[in-house]
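Reader: Could you walk me through some side-chain contacts, step by step? I am new to this.

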Amino acid sequence: MAWKYPIAVRRVRDLIEEAPVISVSRFSDEYRPLYEARMAKTLAGSGAVSPPLFDLDKGEAVLADTVQIYITITNYDDYRMDEGRETEASHAKALGFLHFYYSTCDRVTERTDAQRVDFHGARMHAVVLNEDGVEGRPAAMRRALRFVREFERVAEEANRELAGSSFDARFRVGIDVGPCVAINNGTGLEQEPMFLGSPANHAAKLTYGDEPGIFLSARVRAAIGLANASVLDDWSSVDVEVIDRMLESSFPLVTEVAKAAERRGTIKEWREQIEARSVPDPTQPNFEFHRCCPPLSEIDFADLSPSNSVRMDLASMFADLSGYTAYIDAAIEKDEIPAAVRALYVIRQELQNVVEEDFGGRKVRFIGDCIHAVGAEGTTHETDARATVTAAVSCAGALRSSFKICRQELEGLDSLGLSIGVEYGPTPITRVGIRGVRSVRLASSKATAMSESMQRGCDEDQTLLGPVARSHLPRQIEDLVDENASAGQLTYADVATAMATSLNLSTPGRVPRAHVVNSTAVPKAHMTS
């Protein structure tokens with residue numbers, strides 16, 4: 001398996017031709033009435049109803065005013081590590097920990113105004129939709145804060161009542177407000193609802209850090225009158241007592257009494273379902289691990305569950321479109337959303353094609369404009385660390401080479417770059433949380449966390465390797481990275497040339513030669529919105 005320029009060009013052009021024509025609607029006055037009519041028809045037929053914006057068609061994009069909420073468990077590593085090491089037992093404990101809190105979050109969102117968007121490792125993403133424009137934001141933000149406090153309270157009670165206080169989590173919450181574009185790029189067990197725009201991006205960034213607390217953007221604090229209640233800095237948490245007093249003044253006492261009763265009812269119902277075995281016991285998910293023989297592209301997430309989970313040494317890669325948030329914000333302002341969304345579909349699908357078709361890896365999920373993927377080389381019994389890291393670096397180069405083709409074939413993307421983080425280590429892959437289409441695909445380990453951290457630390461168009469991946473880097477390509485394990489503008493040709501040169505130099509009488517196709521030799525195919 002290898003990346004080839006002509007094949008990548010053909011794939012990208014096919015994707016451009018096949019990309020859906022994007023229809024943009026506004027949530028309040030266009031999408032919501034149609035959703036409610038469809039929901040009524042589905043309920044009449046006793047069918048299951050998906051939350052708003054969860055199962056959008058690929059040709060749909062909805063512009064919605066939103067309150068974006070991210071909740072990160074800051075002490076996740078306390079469960080993932082055992083005396084500084086990752087073991088099968090510590091991974092099982094950590095996955096049980098996430099399984100418990102994913103289930104908690106979904107039970108709370110089902111009974112509040114919030115809607116769960118996704119989970120990514122120890123981070124949860126939820127949204128409150130605002131139908132009343134700028135004037136409705138203060139009320140929407142209060143509903144968002146109420147959801148956060150309900151989640152924390154239910155989590156605390158569930159831990160005490162159902163888990164014997166064995167899952168004590170500390171939370172860091174980030175909240176921002178503003179317009180975002182909702183899309184969906186998945187089907188079945190790989191649904192991928194997402195919100196594009198700076199409010200979602202900034203709310204996520206507010207959860208970066210180890211200090212627990214509730215971190216509100218300046219826009220949120222100013223809109224709900226908390227501008228002087230805390231330090232005027234997005235990165236300072238707001239006192240929960242201040243938030244609770246505000247919520248108490250915003251909602252009638254009878255409502256708060258009812259909420260307390262509802263919390264007790266949630267725990268009682270959950271306990272009864274566990275006892276009746278109609279839902280799995282989240283505190284005893286019975287994680288059982290097995291290896292997957294490479295290529296990992298053979299993994300079918302539909303087959304995975306706590307009792308049928310993969311765990312093996314592998315390479316984790318995060319590749320993020322740098323500059324895309326500013327790009328989509330500009331598209332919202334200029335009413336150019338269709339072109340921006342179609343371009344994202346093309347780029348993300350080609351990145352997935354590189355991972356899965358060219359290198360036999362597996363996409364775990366898209367996180368906004370970022371792809372998380374895993375890969376491994378080896379046998380049924382053992383992962384070849386050096387071959388895996390070599391393939392991962394080659395894949396990183398191919399991702400950038402394909403991205404450059406996308407940028408060449410799609411006009412107006414010169415401001416975008418691709419930053420990539422790579423790390424290697426033992427990693428479990430499974431699905432956790434509520435059963436069915438709402439279950440969550442998950443690959444979570446120190447390697448996945450480090451590869452994401454490496455990606456965040458990249459400059460535009462940079463590739464950065466974690467320390468373990470660096471230690472397994474073969475001699476032939478060591479010169480491609482600097483003393484910080486960083487490489488700028490690394491392409492597939494760079495890696496292929498280094499490998500070929502090393503091979504040729506080691507064979508007497510051979511002349512080093514690398515075949516690189518000139519990308520300007522193939523005329524462009526442009527995409528229109």
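Reader: Which ring does the charged end of R172 sit over, and how far is it from the ring centre?

Author: A charge sits over a ring if NZ of Lys or CZ of Arg is within 6 Å of the ring centre and within 35 degrees of the ring normal. The charged end of R172 fits this for a ring, and the ring is that of F215, with a distance from its centre of 3.8 Å. Before we go on, please note that this is a predicted model, where local features need pLDDT of at least 70, side-chain atom pairs count only at pLDDT 80 or more, and totals for chains, interfaces and linings use all residues. Residues are numbered from 1 along each chain as its sequence is written, and side-chain values use heavy atoms, leaving out hydrogens and water. So, by the charge-over-ring rule, R172 is placed over F215, at 3.8 Å.

Reader: And which ring lies under the charged end of R441?

Author: Here the distance from the ring centre is 5.9 Å. The ring belongs to F301.

Reader: How many aromatic pairs does the structure hold?

Author: A pair of aromatic rings is described by the distance of the centres and the angle of the planes. Rings of Phe, Tyr and Trp (its six-membered ring) pair if their centres lie within 6.5 Å; planes under 30 degrees apart count as stacked, over 60 as edge-to-face and the rest as tilted. Y31 and Y35, with centres 5.9 Å apart and 20 degrees between the planes, form a stacked pair. The number of aromatic pairs in the structure is 18.

Reader: Where do F97 and Y101 lie, and what kind of pair do they form?

Author: Helices (H or I, at least four residues) and strands (E, at least two) are DSSP runs, numbered from the N terminus. Both residues lie in helix 4 (residues 88-109), four residues apart, about one turn of the helix. Their centres are 5.1 Å apart with 75 degrees between the planes, which makes the pair edge-to-face.

Reader: Why does F97 count as buried?

Author: Buried means under 20% relative accessible area, exposed over 50%, partly exposed in between (1.4 Å probe, protein chains only). Y101 counts as buried because its relative accessibility is 2%. For F97, the value is 0%.

Reader: Why is C180 not bonded to another cysteine, and how many disulfides are there?

Author: A disulfide is a pair of cysteine sulfur atoms within 2.5 Å. The closest cysteine sulfur to that of C180 is in C370, 17 Å away, so it is too far for a bond. The sulfur of C370 is 11 Å from its closest cysteine sulfur, in C458, which is also too far. By this rule the number of disulfides is zero.
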